[in-house]
Amino acid sequence: MARLETPEALESFRQEILSRRDPDSPCVSICAGAGCVASGADEVIAAFEKEIEAKGLSATVSTKGTGCPGFCEQGPVVVIYPEEICYLQVQAKDVPEIVAQTIKNKQVVELLCFKDPATGKRAVKESDIPFYRSQQRTVLCNNIKIDSKRIEDYLALGGYAALAKALGQMTDLEVLEEVKKSNIRGRGGAGFPAGRKWEGSRNAKEPIKYVIVNADEGDPGAFMDRALLEGNPHSILEGLILGGYAVGAHEGYFYVRQEYPLAVKNIHLAIQQAEHYGLLGENILGSGFDFKVIVHQGAGAFVCGESTALMTSLEGKAGEPRPKYVRSNVKGLWERPSVLNNVETWANIPLIIDKGADWFTSVGTDSSKGTKIFSLVGKITNTGLVEVPMGMTLREIIYDIGGGIPNNKKFKAVQTGGPSGGCIPEHLLDLQVGFDELTKAGSMMGSGGMIVMDEDTCMVDVARYFIAFLTDESCGKCVPCREGLRQMHRILTNITKGKGKQGDIELLEELAETAVEASLCALGKSAPNPFLSTLKYFREEYEAHINDKKCPALACKELINFYIDPDRCTGCGTCRKQCPADAINGDKNLIHIIDQDKCTRCGTCFEVCPPKFSSVVKLSGDPVPDPVPEEERTIRKKIKEKG
Amino acid sequence: MEIESAPAGAMPGIKLSSNANELLRSVDQIIEKHHGEASNLLQIMLDIQSENNWLSKQALARVSEKLSVPMTRIQHIATFYKAFSLVPKGRHKVHICVGTACHVRGATRILDTVEEATGIKPGETDLDLKFSLETVNCLGCCALGPVMEVDGKVHGKMSPVKASKALKTYE
Ligand SMILES: Cc1cc2nc3c(=O)[nH]c(=O)nc-3n(C[C@H](O)[C@H](O)[C@H](O)COP(=O)(O)O)c2cc1C
Ligand code: SF4
Ligand code: SF4
Ligand code: FES
């Protein structure tokens, strides 16, 4: 197939692809995203290919590795079309049975289907699984239908139709107006309206302009950008070309974090394929519009996600932020107007152009339109990526989709917005998610990380964790960020170690205020957020650490002790065998005792003591009872055994 | 900052250009691939790092000379970004994710265990050059947390016991 010279040629090529495809012919889709590959997806794909070949089905059944469908914890995920039967946690050894039962005999292998832990019922189709049922997947939905290495798959689903429409039927100004009308706010952090940012660049005097994809995804705990980059790179590329057309840029950049090698590879491939078909390069689809794209790898610095730092890094320098006297959209990369948007923002653009701004604004709240992808992780039953309409409540996301907190634990807080965000407590669970709603609650949308914490998570430790992260990642240019965060980290660490003093909270508040007021970039300005929000909602935990030397969540190592309850210990010896510090003394029929001086508080004994005994307990703030005297340590046999 | 040069031959298993010419040739090739443009400095350094496992003084000097970029700027970059190492790395690169999702699921305990098993702290390489240990802030596999990555392979749902077992399988 040669270059596509017109929008009509693209359409007829699409029809040709579709005509070659029989929607009813069987196809096995296996998620080849990073999460599933870590769980063995590559072996499963190879096993399917081998088995299908061996059974002589190669001519009728196709196999494909797709993008991430989001339910990563249950991976490898396999979906069998046309019935859309969804199997979870599939291993290579399950493959012969799936081929024999499902592909040949059209029978469902029940054991591999999702089982609802509440009802015990099996869900055969993806859409029947509660995790997917309440989601609205407009951006993520194609991941599972596409082999990201094949542009034909994207075209078959209507890919590049938005580009054809824009170049063929709309002026560049009309594209901009549509994006403005959609009211889409940036998905990467602060939620700045994309249309307004674009307009600023378009109107800037300098004729050479750039459009840039922020694919740095520095937020720990967030991986939606990764899933899109790996699973559907063309959707981002198409959005970027549309952006270039709207603002008058002829050059675009992907800034991708180096930790995502598969994403880098897939984007390179997508660019090559798009160039091959004339969807990228010179005179795109015969429109006269030229656009080229360059991929740039990051090198592992969180601050490089910040817009000015990212552009400095793109120029080949150390990625340090600069003051924003003039906005980047007017004076950015090489001092030229540059539009920087997040991966998910770009991926929404083709949908907006294709379906119209009114379609986009029909979903969401007054001030936050469309859907948002969240990465729902931490202490939650169903972990993975979820895409929901803006305005859904945290409770719906965490309980209806996420399945609540595992192991009968109590919900404590959900952390949103990454290191710049905050923790939202239980009494605010009915909050609707939206940019302004989250900010009002003392947190942020950020890029969409949602880390769920249960009663075992210490909120002081969480604050310490984020400050430690940001202290490490500060570029060090300004004093309140570099020195202030370091001091905050020192004080918080002391508190978690039981060395907190009266006045520490006030001092932390003062340092926080200074960092917010006086830092140059948003890293320093927002760094105190996790501390401020945990203090606001969980002040009693700070006080317990400082005043009573007690960690209420029983999490801070220096403030807890492990103790074996003599009435419950059966002398089974499991803890003694696994204790890495040889701190446990015991024998058969002897009550076990922990030597507190030797114990490193690793928690292994607590974890391995069989649940039916649960004899290891954690103590904090209370003295450890004296060990049982030697003569009382023998465990007397139960009467039952005698008789 | 001191940049050590590694004694040739003392590095079992490391792809170290034993003769300087070979190293320089590979550096030149990488520079050529990036059209010898100074704006590609970061990408060039990343490529050298991934080819040789670390950035040696000779390699950096060559880059400085070929791109006409001052050595101070190169050193600034090499120390600013986490991906770069100015000392040789071990045969196996162990990354422990300490991102938020992994943290709340007990990443600290995994790190403690690995430190104990390897005898090194993050940022260090052991004397046999078997393991280099680093922490990372999220590998994007949060659903499988806590996560440990060895030579690019992700090991998910780690426990201290599983982590130390996994390390034993590396030679
Ligand atoms: C320290 C810091 C790190 C950031 N990291 C990212 C990131 O990894 N990805 C991202 O899209 N935005 C990140 N941002 C936000 C960007 O600066 C910028 O606002 C965003 O990419 C703009 O795109 P959007 O309008 O589509 O959200 C970061 C901001 C700060 C202050
Ligand atoms: S606030 Fe922190 S990260 Fe931002 S410029 Fe200042 S020192 Fe650097
Ligand atoms: S906490 Fe760890 S070191 Fe202490 S007794 Fe239990 S297993 Fe041993
Ligand atoms: S936080 Fe560990 S993989 Fe994301």
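Here are some notes on this predicted model, taking the ligands in turn and then a few residues of chains A and B that deserve a look.

1. **The surroundings of ligand 1.** A good place to begin is ligand 1, which has 19 residues around it. The closest of these are G188(A), G218(A), N341(A), N342(A) and T345(A). By class, the shell holds 10 polar, 5 charged and 4 nonpolar residues. Ligand 1 takes up the space of the second largest pocket. Two elements of chain A, β10 (338–342) and α21 (522–526), each give two or more residues to this shell. Strand β10(A) gives the most, with 3 residues.

2. **Polar contacts of ligand 1.** Three contacts to oxygen atoms of ligand 1 are worth displaying. The side chain of T345(A) brings an N or O atom to 2.7 Å from a ligand oxygen. Two others come from the backbone: an N or O atom of E217(A) lies 3.0 Å from an oxygen of ligand 1, and one of S307(A) lies 3.1 Å from an oxygen of this ligand. Taken alone, ligand 1 would expose 620 Å², and the protein buries 88% of that area.

3. **Ligand 2.** Now to ligand 2, which is surrounded by 13 residues. Cysteines feature among the closest: C475(A), C478(A), C481(A) and C521(A) are listed there, together with K477(A). The shell of ligand 2 divides into 8 nonpolar, 4 polar and 1 charged residues.

4. **Ligand 3.** For ligand 3 there are 13 surrounding residues. Those that come nearest are C579(A), C599(A), C602(A), G603(A) and C605(A). In this shell, 9 residues are nonpolar, 3 are polar and 1 is charged. When you read that split, bear in mind that cysteine counts as nonpolar and glycine as polar in this scheme.

5. **A buried glutamate in chain A.** Please have a look at E473(A), which belongs to helix α18 (residues 459–473) of chain A. Is E473(A) buried or exposed? E473(A) counts as buried because its relative accessibility is 5%, and the cut-off for buried is under 20%. What does the side chain of E473(A) reach? The partner is the backbone nitrogen of F302(A), at 3.0 Å.

6. **A cis peptide bond in chain A.** The bond between Y81(A) and P82(A) is cis, with omega about 5°. P82(A) sits in the loop that runs between β3 (78–81) and β4 (85–87) of chain A. As background, most peptide bonds are trans.

7. **The make-up of chain B.** Chain B contains 7 helices and 4 strands. Along the sequence, these elements follow the order α-α-α-α-β-α-α-β-β-β-α. Of the 171 residues in chain B, 55% are buried.

8. **The loop between β2 and β3 of chain B.** Two features fall in this loop, and I would inspect them together. P146(B) lies between β2 (131–136) and β3, and a cis peptide bond with omega about -5° joins G145(B) to P146(B). C138(B) lies in the loop between β2 and β3 as well. Phi of C138(B) is positive, near 145°, in a residue other than glycine. C138(B) has 3% relative accessibility and therefore counts as buried.

9. **H35(B), with a positive phi.** H35(B) is not a glycine, yet its phi is positive, at about 60°. This histidine is found in the loop between α1 (20–33) and α2 (41–52) of chain B. Where C138(B) is buried at 3% relative accessibility, H35(B) is exposed, with a relative accessible area of 63%. For context, most residues other than glycine have a negative phi.

10. **G152(B) and its distant partner in sequence.** The last residue on my list is G152(B), in the loop between β3 (148–150) and β4 (153–155) of chain B. G152(B) counts as exposed because its relative accessibility is 52%, and the cut-off for exposed is over 50%. How many residues along the chain lie between the positions of G152(B) and K93(B), and what separates their C-alpha atoms? The two are 59 residues apart along the chain, and their C-alpha atoms are separated by 7.9 Å.

How values were computed
Residues are numbered from 1 along each chain as its sequence is written. Chains are lettered from A and ligands numbered from 1 in the order in which they are written. This is a predicted model: local features need pLDDT of at least 70, side-chain atom pairs count only at pLDDT 80 or more; totals for chains, interfaces and linings use all residues. Side-chain values use heavy atoms; hydrogens and water are left out. A residue is near a molecule or strand if one of its heavy atoms lies within 4 Å of it. A polar contact is a pair of N or O atoms within 3.5 Å; within protein, one must be able to donate a hydrogen and the other to accept it, and residues adjacent in sequence count only if both atoms are side-chain atoms. Accessible areas come from the Shrake-Rupley method with a 1.4 Å probe; for residues, only the protein chains shown count as cover. On a 1 Å grid over the protein atoms alone, a cavity is a set of points where a 1.4 Å probe fits but cannot get out, and a pocket is an open set with protein on both sides within 12 Å along at least five of seven lines; lining residues have an atom within 4 Å of a point. A molecule sits in a cavity or pocket if more than half of its atoms lie within 2 Å of its grid points. Buried means under 20% relative accessible area, exposed over 50%, partly exposed in between (1.4 Å probe, protein chains only).
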